[in-house]
Amino acid sequence: MVKIDGKADGTPQGGGIGGPRGAPTGFDALDRRLAHALQLDGRAPFSRIAEALGVSDQTVARRYTRHRTTGAIRVLGLTDAQAVDEVEWLVRVQCTPDAAASVAEALARRPDTSWVGLMSGGTEIGALCRAASSDHRDAPLLQKLARTPSVVGVIAHCQLHVFFGGPQGMISKSGALAEEQIVRLSPPPPDPAAAPVLLTDADRRLVDALARDGRTPLAELAAATGWSPTTVRRRLAELRTDGALYYDVDYDLRQFGYGVMTALWLSVAPAELVATGEALAAHPEVAFACAVTGPHNLFASVLCRNTAALYRYLTTRVAALPGVRAMESATCLRHLKGPGPQVTASRAAPTPRARR
């Protein structure tokens, strides 16, 4: 076994492009509205969601419990990297054919990775990792990868700016909810702190629990942190107001009709980077988009129904973007860790120590 993580225990998530999944459940219109509501506010009381959707509390609770049990829907409480003074790295790892799967599984067990996927060809791994920006050095993971015998190449891109991601999930583009429902369910916008939020050990335990289940009851969060439920409630509100904490929805992509998840790496003229990034972010197919360092300075995670739809998207919408000099794409074959809708994310699910 490859031991990039130094541990042999733990089981990575997932198997298909949508992550850890039970049998397909077939999302109907109410399921899609529920998913959209949770994307807006992952800890909203079922009573408030039910009122906005025009159904009973019991119906919302029953639907969520069923989909949560099968893995079709899962709320994650995640931290924004910049708000907690961390740097995110988009990493591409080239491996020998016989070792890619084991290296990917080892990466998925590491606490500093928040997304891991086996990409097209089966010899490349895509991953998102985090490191404290105060270290002023590369993430420790990058150093370990360079010393792993079965790894033949590593390319790391530092994430600079997010055009679409974080609290803005792919579900936000689904049109499942009417504008009036969105207004009723949306929490107040954050008021980011002037300085990065320094997380205490108790804060770390809090976000660890939320990264596993964003709707973890207050009593369980209190037990994990050693705080009272009142203190937990107040701290959750503070972290959200400061922009350090947000909620994301991990869901089975198949239930929304997506069959292909693809990473796009674009080389864009510097003068066109902002305009191209903003135009890309508006595409219905784009789940995440950010500016990065390196020769490919714009990254996007794209979701399409099938390869024919992907081809149409690349040859129409992407081809029409201003300033694009070159493009590289890679399809995700197997998703091992992190929110299903994104190949990366600051929206990306940050790691428990950290996620969109």
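## Arginine 110

The side chain of arginine 110 makes a polar contact with the side chain of aspartate 112, at 2.8 Å. This is a predicted model. Arginine 110 sits in the loop between helix H4 (100-109) and strand S3 (113-119).

Is arginine 110 buried or exposed? Its relative accessible area is 7%. The cut-off for buried is under 20%, so arginine 110 counts as buried. Leucine 141 is 31 residues away along the chain from arginine 110, yet their C-alpha atoms are separated by 8.8 Å.

## The chain and its confidence

The chain has 356 residues, and 54% of them are buried. Its secondary structure comes to eleven helices and ten strands. The accessible surface is about 14,600 Å². Carbon and sulfur atoms account for 54% of that surface.

The average pLDDT is 85, and 86% of the residues score at least 70. Two stretches call for caution. Over residues 6-25, pLDDT stays under 50, and the model has 54 contacts for them beyond four places in sequence. Over residues 341-356, pLDDT also stays under 50. For that second stretch the model has 111 contacts beyond four places in sequence.

## Strand S6 and its partner S1

Strand S6 covers residues 245-251, and seven of its seven residues are buried. In a regular strand the side chains alternate between the two faces of the sheet. In S6, Leu245, Tyr247, Val249 and Tyr251 point one way. Tyr246, Asp248 and Asp250 point the other way. Both sets are buried, the two aspartates included.

Strand S1 (residues 73-79) runs antiparallel to S6, and seven bridges join them. In this pairing, arginine 74 stands opposite aspartate 250 of S6.

## Strand S8 between S5 and S9

Why is S8 largely enclosed by the rest of the structure? Seven of its seven residues are buried, so the surrounding structure largely encloses S8. S8 spans residues 286-292.

S8 has pairings with S5 and S9. With strand S5 (residues 151-164), S8 pairs in the antiparallel sense over four bridges. Glutamine 159 has valine 292 in S8 as its bridge partner. With S9, S8 also runs antiparallel, and five bridges join the two. Here cysteine 290 stands opposite phenylalanine 299 in S9.

S8 and S9 form a hairpin with five residues between the strands. In this hairpin, glycine 294 takes a positive phi near 110 degrees.

## Helix H11

Helix H11 runs over residues 307-318. Which of its residues are buried? They include Ala309, Leu310, Tyr313, Leu314 and Val318. These five cover an arc of only 135 degrees around the axis, so they lie on the same side of H11. On the other side, Tyr311 and Arg312 are exposed.

Several elements help cover the buried residues of H11. Among them are strand S7 (260-268), helix H10 (273-281) and strand S10 (324-337). Strands S8 and S9 (298-304) also belong to this cover. The enclosed strand S8 is thus part of what covers the buried residues of H11.

The N-terminal end of H11 is capped by asparagine 306. A side-chain oxygen of asparagine 306 lies 3.2 Å from the backbone nitrogen of alanine 308.

How values were computed. Residues numbered from 1 in each chain as written. Predicted model: local features only at pLDDT ≥ 70, side-chain atom pairs only at ≥ 80, totals over all residues. Heavy atoms only, no water. Buried < 20%, exposed > 50% of the residue type's maximum accessible area, 1.4 Å probe, protein only. Arc of directions from axis to C-beta. Contact = heavy atoms within 4.5 Å. Polar contact = N/O pair within 3.5 Å; in protein donor to acceptor, adjacent residues only side chain to side chain. Pairing = 2+ DSSP bridges. pLDDT = per-residue confidence, 0-100. Areas by Shrake-Rupley, 256 points an atom, 1.4 Å probe, with all protein chains shown as cover.
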